[in-house]
Amino acid sequence: MSDYAELSASKSERAFASHASFALPHVKQKPGYPAQRGTFGHGMMEVGLRFSPEAANEYLESKRGRVPDWWIRDMEKISIEKVETQLYSLNHETPETSRLYLEAAFSLNGDTVEYLGQNIGRNYPKGSNRFNGSVDVLIEGEFVNTVVDFKFGSNQVDPDCKQLRFLGVLACEYTGKQEAVLAIAQFDKAAGMTLPDELPSVRLGARDLELAKKELSDTLVGIREARRLVLLGETPKVNPGEWCKWCETKGSCPEFKSDGSLCGKHFLYRGSYHVGIYGY
Ligand code: SF4
């Protein structure tokens, strides 16, 4: 059992930026409202893509009265058929030329990538050296993997983000592919829950994947070093930024007061912590 904050792909940006976040004493957080809505949205997409649009509708009906009505109304606007076409077109694949994985869970344990199966929820193996993550949609083509992340919110996400890069590495290590297309499918209420005609995407070749693998490996080495310092009673270097917003170690971070409020070096802007006054 790990005593550290769980290291997962969704926390990649923070893990990369501030290793101390996975070394200092932490307080486990319950999923907030946006995360719950995201889980609901992911659930519908998975059912719709795995079975049929009708099954997605049944999923929504089964949730009626258990989630806010507007969540259901929003999700009803999504065309599963259209999304499916867009996902396959990212690398000109078809169901016949590729293998589809939905909610495909991977775990990096030391140097070994383990495939844990599809749709395992949050039941990842525990262990302080593990890096776990799930790919919302993985389309394994003959030579290229298409890795897609669903987002249900208005914050624009770059497909070349650490979360997708690291998931791309795990998927390619497992499948033996040397190229990946990373894409974001963002369902934004303000855009009527429709996707843009062309999904934001980036293509990583073998050298890019090597670089991403090194970023992941350096991140894990940095976290191990931060943990070593904490065990010695020292304070590891921290690196505040907007990733602090969801950090579980805020209560023990030297940049924050014990009640989780800022020490005065930062300013709050639109709900995110931005840093700049002292030139970090
Ligand atoms: S609160 Fe921010 S600076 Fe402190 S450990 Fe967490 S991510 Fe790093």
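This passage walks through the sheet, the helices packed on it, the domains, the core and a few individual residues of a predicted model.

A good place to begin is the sheet. Six strands form an open sheet, and reading across it gives the order β2-β1-β3-β4-β5-β6, with mixed pairing. At the two edges are β2 (112–118) and β6 (201–204), each of which pairs on one side only. From one strand to the next, the twist averages 35°. As general background, the strands of a sheet are held in pairs by backbone hydrogen bonds, in either a parallel or an antiparallel sense.

Individual pairs show how this mixture comes about. Strand β1, which covers residues 99–109, pairs with β2 in the antiparallel sense over 6 bridges. Within this part of the sheet, Ala105 has Gly117 of β2 standing opposite. Strands β3 and β4 also run antiparallel, and 4 bridges join them. One of the paired positions here is Glu140, whose bridge partner in β4 is Asn145. The connection between β3 and β4 is a hairpin of 4 residues. On the next step across the sheet the sense changes: β4 and β5 pair in the parallel sense, over 7 bridges. Here Thr146 has Val181 in β5 as its bridge partner. Strand β4 is mostly covered, with 5 of its 7 residues buried.

Helices pack on this sheet as well. Helix α2 (residues 33–50) touches β1, β3 (130–140) and β4 (145–151), and its direction makes about 130° with that of β1. Helix α6 (residues 162–175) lies across β1, β2, β3, β4, β5 (180–186) and β6. The angle at which α6 runs to β4 is about 145°.

Turning to the domains, the domain assignment gives domain 1 as 9–29 + 219–275 and domain 2 as 84–204. Domain 1 is thus written as two stretches of the chain. The centres of the two domains, taken over C-alpha atoms, are separated by 26 Å. Where the domains meet, 6 residues of domain 1 are in contact with 7 residues of domain 2. On the domain 1 side, helix α1 (residues 12–17) supplies the largest share, 3 residues. Sorted by class, this side of domain 1 has 3 nonpolar, 2 polar and 1 charged residues.

The interior can be described next. In soluble globular proteins, nonpolar side chains tend to be buried together. In this model, the largest nonpolar core has 63 residues. Those with the most contacts inside the core are Val135, Leu138, Val147, Leu167, Leu170, Ala171 and Ala180. Helix α6 gives the largest share of this core, 8 residues. Both domain 1 (9–29 + 219–275) and domain 2 (84–204) give residues to the core, so it lies between them. Leu167 offers a closer look: leaving aside neighbours within four places in sequence, Leu167 is in contact with Ala9, Gly133, Val135 and Val147.

Finally, a few residues deserve individual attention. His92 lies in the loop between α5 (80–89) and β1, and has a phi near 50°, a positive value in a residue other than glycine. His92 counts as exposed because 11 other C-beta atoms lie within 10 Å, and the cut-off for being exposed is 12 or fewer. Met193, in the loop between β5 and β6, also has a positive phi, of about 65°, although it is not a glycine. With 18 other C-beta atoms within 10 Å, Met193 is partly exposed. That count falls between the exposed limit of 12 or fewer and the buried limit of 20 or more.

Two further residues are also partly exposed. Ser128 lies in the loop between β2 and β3 and has 15 other C-beta atoms within 10 Å, which makes it partly exposed. From C-alpha to C-alpha, Ser128 and His42 are 27 Å apart in space, and they are 86 residues apart in sequence. Thr39 is found in helix α2 and is partly exposed, with 14 other C-beta atoms within 10 Å. Between Thr39 and Arg130 there are 23 Å in space, C-alpha to C-alpha, and these two are 91 residues apart in sequence.

Methods. Residues are numbered from 1 along each chain as its sequence is written. This is a predicted model: local features need pLDDT of at least 70, side-chain atom pairs count only at pLDDT 80 or more; totals for chains, interfaces and linings use all residues. Two strands pair if DSSP finds at least two bridges between them. Axes are lines fitted to C-alpha atoms, for helices over the stretch in contact, and angles run from 0 to 180 degrees between N-to-C directions. Two residues are in contact if their C-beta atoms, placed from the backbone, lie within 7 Å. Domain bounds come from an automatic or database domain assignment. Ala, Val, Leu, Ile, Met, Phe, Trp, Tyr, Cys and Pro count as nonpolar, Asp, Glu, Lys and Arg as charged, and the others, Gly among them, as polar. A nonpolar core is a set of buried Ala, Val, Leu, Ile, Met, Phe, Trp, Tyr and Cys residues joined through C-beta atoms within 7 Å.
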